[in-house]
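Reader: Hi! I'm new to this one and would love a walk through it. Could you bring it up for me?
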Amino acid sequence: MDRRMTMTRRSFLASTSCLGAALWAARAFPAPALGAEIAGDKRVSPQPLADKGFASVRKIGDGVYATISDLSKGLETLSNGGFILGSDAALLIEGFRSPAGASFQHAALRQVSAVPVRAALDTHYHFDHTLGNAFYGAQGIAIWAHEKAAPLMVERYVVGQGRDRAGQIAPLEKRVADATSESGRDRANGDLKLMKLVVESIDSAVISLPNHPLETSKLPATVDLGGIRAVIEAYPGHTPGDLIVRVPDRNIVFTGDLLFSSAYPATFDADMSGWRKTLETFSGYDRETLFVPGHGPLCGPEGIATLRAVLDDLAGQAAQMYKAGIPVDEAQQRYAVPDRFKGFPILAWSFCIGPAIAKLYEEFKSGGNQPG
Ligand SMILES: [Zn+2]
């Protein structure tokens with residue numbers, strides 16, 4: 001009893017201190033490089049325009065900048081983002097995890113231009129892409145998002161804000177304490193730490209909802225920023241409302257979390273077959289396309305191919321287990337990371353692997369997707 005209390009308290013302290021959270025996140029998502037295959041891409045500046053540790057902003061094309069997070073140094077941004085800059089206006093991409101993250105990106109824009117900001121666009125409702133929106137709101141910047149983003153933020157974040165979180169945290173702490181294997185304890189610990197980070201991020205935020213919903217019936221939409229166009233499109237996959245921003249004049253795509261680069265994706269809100277179709281579409285883009293993923297290093301089309309292979313592997317193993325009659329709860333734990341993806345970060349087993357297997361089982365059961 002005493003030992004358990006001590007361990008719980010110690011792990012709690014470790015994860016609630018910013019450093020503890022950053023160290024855990026850095027292990028989950030190692031510091032991203034540019035991705036070896038694009039290191040030689042002449043569009044990508046080797047020197048960042050701005051670097052705050054937790055993220056750096058670098059030019060990746062004429063008038064296009066990427067904000068890339070480094071979780072080993074802090075979690076202010078947590079996701080990647082960027083901005084597109086024309087002669088008349090700029091479009092900021094992502095609200096990040098905190099106003100400090102959004103402020104950093106805005107300040108980087110102001111280092112290179114004084115043009116008005118047309119809007120800041122959240123690619124989807126997740127906390128690490130939206131909780132810094134308050135900074136944009138205070139600057140009078142319109143916040144654009146998929147029409148489903150604001151209602152989802154209300155349902156998942158606003159409604160529970162400031163409530164007693166014991167009911168969410170206690171079962172995860174119990175799983176850590178009750179774990180009978182090292183891998184079981186590691187997975188439970190990862191789930192607990194991510195849940196604490198999500199809850200603390202929500203409870204400390206002044207939540208600012210997107211105030212300019214983009215209706216899917218009106219997409220794609222082209223925004224002329226002056227000499228450069230941003231094309232906003234909606235695709236199924238990561239959540240019920242995901243947007244991407246294409247810059248066709250530069251062959252660059254901001255994918256939001258429809259692309260996790262060299263990592264296992266978060267699937268708890270996912271439409272698995274929809275996502276695989278979306279990636280098939282992306283794989284048809286020009287071979288010179290540069291992708292700014294929601295998480296992980298910048299990449300070319302090989303980043304899309306890799307995530308497709310990860311989703312194929314999840315679907316393949318799920319199909320085998322389904323046909324063998326393995327119950328879903330067991331299948332969620334039994335998934336085996338193949339050697340070729342061994343170095344890939346998994347933010348948390350219960351946010352990435354478990355829901356992917358469960359959703360694939362549902363698809364097999366409903367007959368919409370036959371197990372291979
Ligand atoms: Zn996400």
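Reader: Thanks! What does the secondary structure of the protein chain come to?

Author: Happy to help. Keep in mind that this is a predicted model. The protein chain has twelve helices and 13 strands.

Reader: And what does the C-alpha trace span along its principal axes?

Author: About 60 × 45 × 40 Å. The radius of gyration is 20 Å, which agrees with a compact globule, because one of 372 residues would have a value near 21 Å.

Reader: How many of the residues are buried?

Author: Buried residues account for 56% of the 372.

Reader: Nice. Which residues touch the most other members in the largest nonpolar core?

Author: That core has 63 residues, and the ones with the most contacts to other members are Tyr264, Phe282, Phe291, Leu314, Tyr335, Ile353 and Ile357. Several elements supply at least two residues each, including helix H8 (182-203), strand E12 (252-260) and helix H10 (301-323).

Reader: Let's pick Phe291. What does Phe291 touch?

Author: Leaving out residues up to four places away in sequence, its partners include Val253, Leu259, Phe282, Tyr285, Pro301 and Ile304.

Reader: Which residues does the second core include?

Author: Leu91, Leu219, Val223 and Ile252 are among the 28 residues of that separate core.

Reader: Switching topic: how many positive and negative side chains are there?

Author: There are 38 positive and 40 negative ones, and the centres of the two sets lie 3 Å apart.

Reader: Last one: what share of the exposed area do carbon and sulfur atoms supply?

Author: They supply 53% of the roughly 15,700 Å² that the protein chain exposes.

Key. Residues are numbered from 1 along each chain as its sequence is written. This is a predicted model: local features need pLDDT of at least 70, side-chain atom pairs count only at pLDDT 80 or more; totals for chains, interfaces and linings use all residues. Side-chain values use heavy atoms; hydrogens and water are left out. Helices (H or I, at least four residues) and strands (E, at least two) are DSSP runs, numbered from the N terminus. The radius of gyration is taken over C-alpha atoms; the globule rule is 2.2 Å times the number of residues to the power 0.38. Buried means under 20% relative accessible area, exposed over 50%, partly exposed in between (1.4 Å probe, protein chains only). Accessible areas come from the Shrake-Rupley method with a 1.4 Å probe; for residues, only the protein chains shown count as cover. Lys and Arg count as positive and Asp and Glu as negative; His and the chain ends are not counted. The place of a charge is taken as NZ of Lys, CZ of Arg, CG of Asp or CD of Glu. A nonpolar core is a set of buried Ala, Val, Leu, Ile, Met, Phe, Trp, Tyr and Cys residues joined through side-chain atoms within 4.5 Å. Contact means heavy atoms within 4.5 Å.
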